[in-house]
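Visitor: I have the sequence and the fold open side by side. Please take me through how one helix lies against another, in close detail, and then show me what surrounds that part in the rest of the chain.

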Amino acid sequence: MVNKPRRLSRKISTLIILAALLSLGMILPVCVWFIVPNLQSDSIEAAQAKVQLISLQVQSKADLIESYAASISDSYEMQTVLQAFLQNPQDEKRKNAVVDVLDNKMSEMSGTLVIAVQPADDAIITTTRAPSVEEKTLFSSESYQDFRRLDYACKFFSVYQVPYSIDHSWGNEPLERYAATFCRNFYVGNRRCTITVFTQIDDIIQATDTLSEGWADTYMWLDIDRTPFIQSGEYDIYPLVQEQLTDRLIYNYDVVREPFGYLFLHTDERSKWTF
């Protein structure tokens, strides 16, 4: 004897399963078509938000350095001692008075390495801590000489590496500092002078490390000359960045699709550093 209700039930169950699978096969591509782009879009937006946070750190640092240089060059003390020096540049006491003011100003911004001031066509006067060989190359460069001819100009120059060692008795490895170079032209009476500040930017590097964690496989910083001064990660993205910067300057947030993923680019308008 055949149990027809049970056989019919099985047929109905089979049809329901087939219909469900067919529906799933039709719906799944649609879901993927809608959901995956949205997930990618969310990831891109999240990454762009991180890039914006990093750029804000750079803007804040650039503003701080500019304000610091202006506060020194425009201060009553600096204007007074420079005016006296310019009246008699051969007087060693007047030169030492300039050095004293520069030394006193060093403590007003942490991370300052050297401050130098150069009255037009006169010798460079620096803090007691003299510029290193790397720092001295700035003053003989053509770009610096061209800059000194400009009125009331401000400019970030190259970023350089300053190696130093810490306590090796504990097995620590040598660390490296990164320093930025900033110049500002100003006047003492009718004489144009240039102030130069060499200062550490380790806080920018640390902030970049922190904010890049979890989403960036590789990042790099380029200075105003488009020279990389730091790269972190497993990929060499410099050729890709060079290609993007060949024909244009990027002053906003650009996202470029590459075979391996997305390349995020931003050039800070103030410092002209590219992340």
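Guide: Happily! The chain holds 7 helices and 10 strands, and please keep in mind that this is a predicted model. Of the 275 residues in the chain, 40% are buried. Looking at contacts between residues at least 6 apart in sequence, 54% of them join residues at least 24 apart.

Now to the part you asked about. Helix H2 covers residues 76-87 and helix H3 covers residues 92-105; their axes come within 8 Å of each other and cross at roughly 160°. Angles over 145 degrees count as roughly antiparallel, and H2 and H3 are therefore roughly antiparallel to each other. As for the hand of the crossing, H2 and H3 make a left-handed one. On the H2 side, the residues making the contact are Glu-77, Met-78, Val-81, Leu-82, Ala-84, Phe-85 and Gln-87. H3 answers with Arg-94, Lys-95, Ala-97, Val-98, Val-101, Leu-102 and Lys-105. Sorted by type, the residues of this contact comprise 9 nonpolar, 1 polar and 4 charged. If you wonder about the spacing in such lists, an α-helix has 3.6 residues a turn, so residues three or four places apart point the same way.

For another helix to set beside these, try H6, which spans residues 202-212. Its buried residues are Asp-202, Ile-204, Ile-205, Ala-207, Thr-208, Leu-211 and Ser-212. After H6 comes Gly-214, with a positive phi near 95°.

From the helices we can turn to the strands. Strand S1, residues 112-119, is mostly covered, with 8 of its 8 residues buried. S1 pairs with strand S6 (residues 191-200) in the antiparallel sense, over 7 bridges. S1 also pairs with strand S2 (residues 125-126), again in the antiparallel sense, here over 2 bridges. Ala-116 is a handy residue to click on: it stands opposite Thr-196 in S6, and it stands opposite Thr-126 in S2.

The loops deserve a visit too. Tyr-152 sits in the loop between helix H5 (142-147) and strand S3 (154-156). Although Tyr-152 is not a glycine, its phi is positive, about 45°. Exposed means over 50% relative accessible area, so Tyr-152, at 59% relative accessibility, counts as exposed.

Further along, Ser-158 lies in the loop between S3 and strand S4 (160-164). With a relative accessible area of 28%, Ser-158 is partly exposed. Its C-alpha atom is separated by 6.0 Å from that of Thr-181, a residue 23 places away along the chain. Setting aside neighbours within four places in sequence, Ser-158 is in contact with Ala-179, Ala-180, Thr-181, Asp-223, Ile-224 and Asp-225.

A last stop is Arg-226, in the loop between strand S7 (218-222) and strand S8 (228-233). Arg-226 is a residue other than glycine with a positive phi, near 60°. Its relative accessible area is 29%, so Arg-226 is partly exposed.

Note on methods. Residues are numbered from 1 along each chain as its sequence is written. This is a predicted model: local features need pLDDT of at least 70, side-chain atom pairs count only at pLDDT 80 or more; totals for chains, interfaces and linings use all residues. Side-chain values use heavy atoms; hydrogens and water are left out. Axes are lines fitted to C-alpha atoms, for helices over the stretch in contact, and angles run from 0 to 180 degrees between N-to-C directions. Helices (H or I, at least four residues) and strands (E, at least two) are DSSP runs, numbered from the N terminus. Angles under 35 degrees count as roughly parallel, over 145 as roughly antiparallel, 65 to 115 as roughly perpendicular and the rest as oblique. A crossing is left-handed if the near helix is turned anticlockwise from the far one by less than a right angle, and right-handed if clockwise. Contact means heavy atoms within 4.5 Å. Ala, Val, Leu, Ile, Met, Phe, Trp, Tyr, Cys and Pro count as nonpolar, Asp, Glu, Lys and Arg as charged, and the others, Gly among them, as polar. Buried means under 20% relative accessible area, exposed over 50%, partly exposed in between (1.4 Å probe, protein chains only). Two strands pair if DSSP finds at least two bridges between them.
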